[in-house]
There are 4 protein chains.
Amino acid sequence: MSGNTFGEIFSVTSFGESHGPAIGCVVDGCPPGLELSVEDIQLELDRRKPGTSRHVTQRRESDTVEVLSGIFEGKTTGTPIALLIRNEDQRSKDYSKIMDVFRPGHADYVYWQKYGIRDYRGGGRSSARETAVRVAAAAIAKKWLYEKFGIKIRGYMAQLGPIVIPFRQWDMVNQNPFFAADIDCVPELEAFMDKLRKSGDSVGAKISVIAEGVPVGWGEPVYDRLDAEIAYAMMTINAVKGVEIGAGFACVMQKGTEHSDEMTPAGFLSNNAGGILGGISTGQAITANIAIKPTSSIRLERRSIDKSGQPVIVETHGRHDPCVGIRATPIAEAMLALVLMDHALRHRAQNADVVCTTPRIPGNSSY
Amino acid sequence: MSGNTFGEIFSVTSFGESHGPAIGCVVDGCPPGLELSVEDIQLELDRRKPGTSRHVTQRRESDTVEVLSGIFEGKTTGTPIALLIRNEDQRSKDYSKIMDVFRPGHADYVYWQKYGIRDYRGGGRSSARETAVRVAAAAIAKKWLYEKFGIKIRGYMAQLGPIVIPFRQWDMVNQNPFFAADIDCVPELEAFMDKLRKSGDSVGAKISVIAEGVPVGWGEPVYDRLDAEIAYAMMTINAVKGVEIGAGFACVMQKGTEHSDEMTPAGFLSNNAGGILGGISTGQAITANIAIKPTSSIRLERRSIDKSGQPVIVETHGRHDPCVGIRATPIAEAMLALVLMDHALRHRAQNADVVCTTPRIPGNSSY
Amino acid sequence: MSGNTFGEIFSVTSFGESHGPAIGCVVDGCPPGLELSVEDIQLELDRRKPGTSRHVTQRRESDTVEVLSGIFEGKTTGTPIALLIRNEDQRSKDYSKIMDVFRPGHADYVYWQKYGIRDYRGGGRSSARETAVRVAAAAIAKKWLYEKFGIKIRGYMAQLGPIVIPFRQWDMVNQNPFFAADIDCVPELEAFMDKLRKSGDSVGAKISVIAEGVPVGWGEPVYDRLDAEIAYAMMTINAVKGVEIGAGFACVMQKGTEHSDEMTPAGFLSNNAGGILGGISTGQAITANIAIKPTSSIRLERRSIDKSGQPVIVETHGRHDPCVGIRATPIAEAMLALVLMDHALRHRAQNADVVCTTPRIPGNSSY
Amino acid sequence: MSGNTFGEIFSVTSFGESHGPAIGCVVDGCPPGLELSVEDIQLELDRRKPGTSRHVTQRRESDTVEVLSGIFEGKTTGTPIALLIRNEDQRSKDYSKIMDVFRPGHADYVYWQKYGIRDYRGGGRSSARETAVRVAAAAIAKKWLYEKFGIKIRGYMAQLGPIVIPFRQWDMVNQNPFFAADIDCVPELEAFMDKLRKSGDSVGAKISVIAEGVPVGWGEPVYDRLDAEIAYAMMTINAVKGVEIGAGFACVMQKGTEHSDEMTPAGFLSNNAGGILGGISTGQAITANIAIKPTSSIRLERRSIDKSGQPVIVETHGRHDPCVGIRATPIAEAMLALVLMDHALRHRAQNADVVCTTPRIPGNSSY
């Protein structure tokens, strides 16, 4: 209720500030008996961690996770799994200049007005550093979804500022720091980022994320629709300003004959729905796009106010990602995994013994 | 948890099928002492009801609401407000043809697979008829938000298929059946719809919705962000495939210098954020856009399967909106109102006694 | 969250005042495919309804339930089941005398202070009339629990004021208006009540409720323990002031050797635990006792204050149960059914695929 | 939902096993601006910690708490407060004998059947060690309730096995290891416990807990009644089998004239209600009693079964409290504090702006 717990049955309760002693979370509701090691979680964290290329923040965090509970003899026990990541590289002094001013486009002003107090060091709780715990928690969800249903959840950067990046191959995504699915675009992306970084400015990005293998029937039909929960989940990622499912905003101009995916015994003939109809998974690939705004912490002068309401000029130094979208792919995957995991469990609560004799038809391979 | 309740403190629990005896809801958590009459609710329902022009479904429903509880001597008492709307114009026989087949783009197939049973009459629970109860419930929220804070929540159709409709004036919105904010576009819209209806096809639309007067500080900062809750709320509307807050997908190509709204003692200088930063309201106008897909029930032949998995050709008759987006404006307003109402109450639960001496700056008037 | 919804997955959202147009509820999360008729629900309502003997309130309510949604062709569909009971016999004028005063032992004063407004007619929302909807909702739960697991949930009056009523036979319970499990006690109970009623006073009672056939493993282990949820559920019944599970308060004086139920391959050797260990069902009968206070509305003079804070003498007329415990047995059964139903579903959400090869041992037949 | 989170707005999400690396919790929803130090929390933990007298378990745990987040410059920030307590004195080898058998009266058998896996070391998650985190979390609640409203929450042992301990003075409670409010009883209690310990058996106890200073109006009226939430909270404490509010089970034999607390402008004349009417606080002292069963881990031979379902004789060694009730007083206080804190916030969410001109009358001083 107070906004730091995600999910209903498979739930993640997150804590921690960017420059406090640690961040972490409690994962509750994980089914018992899942083989799980700390490496399973670390592997996903390493995909997101900062400092891995010159295009992202140079903060050095090993993001080493410690498992405090919920695993016994290599398996989950059904009790809460607590995960702890110590903060290592806080340079809180970098922030003394901004303790009395509000950075434009940042959460500084609203936190201050909402709570009357804020931990200004590195954005405190509003920092995207919090997303590390989501990635850690989602590693558990991803593993369960894959082992139980063969579900694969993968994402890639679809656009960086003006540069549209086509999808070519999944195995290219982890071969470059941009999570581009076309390795040939990388030189252009690097050149763009190098120039941007020098300018002191930042830029937006678009990420696509896809889940394959989700069975038909997940999602609640009216309010807790699978697409609504995905939209919610994606919008909880710092800097996200838009979410599309399937055809998304393109459907505004589509006709019904064009949009609605026809069905045959051999499968769906298209996937404009993005794998969800009436809020419930169809068995097709679930597809979503998200828009990520340019980082608000930039090295250029901006007009703002200070705590007494007086005008100031702000210029943010410290270590920031010039495009937060670059590290967003594993986070978007994580959020999709958390939604699916929760709905897998919610679905069987009510419908564990449903028998339906109508054959399930395969999804269309395109996305 | 089972997907038919919206909101945490100000909550709406909805029930009813398109062709059952009634639809309705229980509104819980309304503060006591609000003057409220059945007319306050009916007025909003009348804006959404079917059959008001030739461009929407010809089903005749008076959508007369009955208040069953929670109001005493013209005021809310703080106890649940139950609202009941009897269904009047069910022609269930229209649906006998589709009882054994699945309409492409519709929830038929997924309900059947999820539950092993479905009320096929008019889509049953998956029908957009359910949105009437949201509009009814939101009438209460709208009234409280306006009386308590002066908040105005209004929407308009921004695009119908290929026709972009500019925003001119709020008072034009209720003067035409499209909720267009530019009355001069209406002839073009009518011509487009007449042609579409004759063709038997359907089309998508884009709706914009705006809340003015929301104070700074509403929304929880990490998961239950105001923007995340709005995205969720909008995606729960039948047929919505995309949501944008503020600049939305346009931010992908923006630079930080362009996107981040500068602040001065006289106010924000722009509103790319759409009134939300770090998940918390800034005091600016909250702005959202939604993409609505073309109606899936169309009078043209489509390939599909039946309950035994055999191929069939489906053509949907019955009474349908050729563009569900046309009646979506009041529904989008309703969902925004429900989110804001809930967060108004959630905010004060934790922060009722916060004192912040920094002056609140005004929002930018543009949206 | 606002206190009118019971349960997490199988949830009941209740509405209505004693003298408003109607009471009712929305039951969400019911598994699909359960055969359910309005008679199944009416049968349970009739066990609780007022006016069936001279020992209870003479208010005449048929308590006829209408099913508004969620059932199609005689089966539940998995969508919300809305139940409506119109109030028929409101004599609101009876209450004009108490509109400005607070009855001692009643919720009048606290409602007034909490909300600044109250529906004083018949107690408004604080009336035990609300419990009718719990009985109606629980009829669905009872049916599912019995059909799926053979679970039987039954209760009886164990004590009326000073008269302890021994348990003899289940089939006697529905043969007398007290729900006594020993028909031979009835004359004594009747004589006691006749005398009490003439005196204008009221009296307390103790109810026992038992669920047989609950499988081992239901209940969450730390906070949402099955016993904690039962205690909560029972305490939500108007006038309940105490709850015991199994040996209850008797365990204060027990030794460990006496209290802890030994186990053998042939079963548990006793049932001091009341069928719950560590918050989780053991497979034994689940047993609970509740203490019900004497009705606060009595025909004798009592000191109180009025709305301006001045002293008054209150004497309550109108139609009241001189012992609310008499009609409490079906309500206590209902609450136990609702808890078990919800936990049946919660259990399988997380543990649907657990395999345990240790044989399940039978419970002890005593309670 | 998965049973490890307590509270709705002020919520505590708990994790950890008795013999895992650590236990801890995340406290969410704490209002910002509360002065809070680690010592405030440690002080309460020290009242509960083991090894402080010969009458309790000899396990040596310093129970040193680390605050990982949510406090900045000595004040709460409104963001989650994570608390960590490392386990120090695990002798897991003590438990190798019970890894394949189920101790009677313990949660061993039900965990095994529920999850198909269990951490048998020291009871794992079912250990009362988990209650340390509740005490830590409640220290925050206690402080806020006291600073904001002057609420005092205190408890004492009212009965140990057959020995009834009268209430004399609050300041005696912390002067003896039993939390007895009459220091003169201590020699008798010590003699009883010494004899019990030698016998290898265990015994039950009764604890009373009282909150003074709670304003009128807290608690939701129908399901989330304050008394229902207290009953739930108390039953979540390991080994609790019964809960009473106010007169509790004594009300069964009371008449209405005797039970209902009369009111005068000078205050209530008695407090049979235990400070709660219709589920809402009256302004009187809130009073509750709980029954705690004898420890199930005893050094005497008991019949049980093993994992293959074969009969065994179990005798539990390791370090256990011969009366878990002895250390239960701070835990019962903690649970009452958590309930009140949550309802303080819930109340103002809905009713922050209620104005009621009727004077509030004082409670009766007796309990």
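**Binding-site residues and a chain contact**

Let me start with A:K293, which in this predicted model sits in the loop that runs between β16 (286-292) and β17 (302-305) of chain A. A:K293 counts as buried, because 30 C-beta neighbours lie inside 10 Å, and the cut-off for that word is 20 or more. If we set aside its neighbours within four places in sequence, A:K293 is in contact with A:G204, A:A239 and A:K241, and also with B:C251 and B:H259 of chain B.

One of those partners, A:A239, belongs to the loop between α5 (226-235) and β11 (240-245) of chain A, and with 24 other C-beta atoms within 10 Å it is buried. Apart from its neighbours within four places in sequence, A:A239 is in contact with A:I292, A:K293 and A:V324.

Both A:A239 and A:K293 are covered by the "binding site" annotation in UniProt, which comes from an unreviewed entry and also includes A:R125, A:N238 and A:R319. The annotated residues span 195 residues in sequence and the farthest two C-alpha atoms are 43.7 Å apart, so they do not all gather at one spot.

Let me turn to chains C and D, whose contact takes 101 residues from chain C and 101 residues from chain D. On the side of chain C that touches chain D, the largest share, seven residues, comes from helix α2 (residues 108-115) of chain C, while the residues of that side divide into 44 nonpolar, 36 polar and 21 charged. Strand β11 (residues 240-245) of chain C pairs with strand β11 (residues 240-245) of chain D in the antiparallel sense, over three bridges, and C:E244 stands opposite D:G242 in β11(D).

How values were computed. Residues numbered from 1 in each chain as written. Chains lettered and ligands numbered in written order. Predicted model: local features only at pLDDT ≥ 70, side-chain atom pairs only at ≥ 80, totals over all residues. UniProt positions renumbered as here; feature names shortened; annotations may be inferred. Helix = DSSP H or I, 4+ residues; strand = E, 2+ residues; numbered from the N terminus. Buried ≥ 20, exposed ≤ 12 C-beta atoms within 10 Å, placed from the backbone. Contact = placed C-beta atoms within 7 Å. Nonpolar A, V, L, I, M, F, W, Y, C, P; charged D, E, K, R; others polar. Pairing = 2+ DSSP bridges.
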